[in-house]
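Hi,

Here is the structure we talked about. Please open it first, then read the notes below.

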Amino acid sequence: MENAHLRLGLLEYVRITEKSSTRIRLRVDRYIGEDRQAHLLSVFGNDSDVGAITAAVHEKAAFSLTFPNGETKEVSLGEHASCYKGAVALPGRKHPVRHLLAVSQELHTNGTAGRTLLLRYRREEAWATLASFLGMPADPAWADHVLADVERKKRVEEIDGIGCVPVVISATTEEMLEWIGEGLRSQAVVFPVTSGPIRWATVSIPDVLRSIAPIPA
């Protein structure tokens, strides 16, 4: 964890009441967002601070987010965000660190609105996610051809991230099926020669996060 602070962001929230003003600051280890719209926010801190941020998310509050490079944006998770809380035990600490993962409504229903959000972009992983989320018949061998088409149509866009390099792929089920059909008609992609289950590569979330968020030297 040496120099881990160099890849963390900072979330600030100011709660103002009639009698007082409270500023809460929490470290951010993962974030996905587009301009002011936050899709995923992962923060950690003490009980009271995490509880206050959880309440603020449900109140559709705006937060000040500072990226590791010093850039600052005002962001919000919007309506119907979901919050998941947990605790992380650390060696040498008597009490665990509290963790909050907040997810926007769009990320919670990822892919259903013709937009699929990913932690990183690799063709084989993106293709498996699209096939699953959009409910398409697909073969892993089609990834390069179909996603090369998606890239040429400029449907892959990199968005804001902390601890990841997220993208959004803009494509509906109907569009993807049309592009698959074009590939089959041109024989650029073909159906498997044998029947049976299709085996997709398995990638764990920890492996993904470790590979896209190296700690700076």
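**Strands at the start of the chain**

E1 and E2 form a hairpin, with four residues between the two strands. Keep in mind that this is a predicted model. Strand E1 covers residues 9–16, and its pairing with E2 is antiparallel, over eight bridges. Ile16 sits opposite Ser21 of E2.

E2 also makes a hairpin with E3, this time with two residues between the strands. Asp35, in that turn, has a positive phi of about 55 degrees. E2 and E3 run antiparallel and are joined by seven bridges. One pair to look for is Tyr31 with its bridge partner in E3, Leu41.

E2 has a further partner in strand E10, residues 160–162. That pairing is antiparallel too, with three bridges. Here Ile32 has Gly161 of E10 as its bridge partner.

**The chain overall**

The chain has six helices and 11 strands. Its C-alpha atoms fill a box of roughly 70 × 40 × 30 Å, taken along the principal axes. Of the 217 residues, 41% are buried. Take the contacts with a separation of 6 or more: 60% of them join residues 24 or more positions apart.

**E8, E9 and E11**

Strand E11 spans residues 167–170 and is joined to E8 by four bridges. The two strands run antiparallel. Leu117 has Val168 of E11 as its bridge partner. E11 also runs antiparallel to strand E9, residues 156–158, with three bridges between them. In that pairing, Val156 is matched with Ile169 of E11.

Thr116 is worth a click. Thr116 lies in strand E8. Is Thr116 buried or exposed? Its relative accessible area is 0%, so Thr116 counts as buried. Leaving aside neighbours within four places in sequence, Thr116 contacts Asn110, Gly111, Thr129, Leu130, Phe133, Val167, Val168 and Ile169.

**Helix H4**

Helix H4 runs over residues 143–152. Its buried residues are Ala143, Val146, Leu147, Ala148, Asp149 and Val150. What do they pack against? The partners are H3, E9, E11 and helix H5, residues 173–186. Just after H4 comes Lys154, which takes a positive phi of about 55 degrees.

**The largest pocket**

About 740 Å³ of space lies in the largest pocket. It is lined by 28 residues. Those closest to its centre are Leu118, Leu119, Thr129, Ile205 and Val208.

Which elements supply at least two residues each of the lining?

- Strand E2, residues 21–34
- Strand E3, residues 37–45
- Strand E8, residues 115–118
- Helix H3, residues 123–133
- Helix H6, residues 205–212

H3 gives the largest share, six residues. By class, the lining has 18 nonpolar, four polar and six charged residues.

**Cysteines**

How many disulfides does the structure hold? Zero. Cys83 is in no disulfide, and the nearest cysteine sulfur, that of Cys164, is 18 Å away. A disulfide needs the two sulfur atoms within 2.5 Å. Cys164 is in no disulfide either; for Cys164 the nearest cysteine sulfur is that of Cys83. Cys164 counts as buried because its relative accessibility is 8%, and the cut-off for buried is under 20%.

**Two more residues to click on**

Asp49 lies in helix H1, residues 47–58. Asp49 and Arg25 are 24 residues apart along the chain, and their C-alpha atoms are separated by 7.8 Å. Beyond its neighbours within four places in sequence, Asp49 is in contact with Ile24, Arg25 and Leu26.

Glu79 lies in the loop between strand E5, residues 72–75, and strand E6, residues 82–88. Glu79 and Val57 are 22 residues apart in sequence, yet 8.8 Å apart in space, C-alpha to C-alpha. Not counting residues up to four places away in sequence, Glu79 touches Lys60 and Gln105.

Best wishes

How values were computed:
Residues numbered from 1 in each chain as written. Predicted model: local features only at pLDDT ≥ 70, side-chain atom pairs only at ≥ 80, totals over all residues. Heavy atoms only, no water. 1 Å grid on protein atoms, 1.4 Å probe; cavity = no way out; pocket = protein on both sides within 12 Å on 5 of 7 lines; lining within 4 Å. Points joined across faces, edges and corners; volume = space filled by probe spheres on them. Nonpolar A, V, L, I, M, F, W, Y, C, P; charged D, E, K, R; others polar. Buried < 20%, exposed > 50% of the residue type's maximum accessible area, 1.4 Å probe, protein only. Pairing = 2+ DSSP bridges. Contact = heavy atoms within 4.5 Å.
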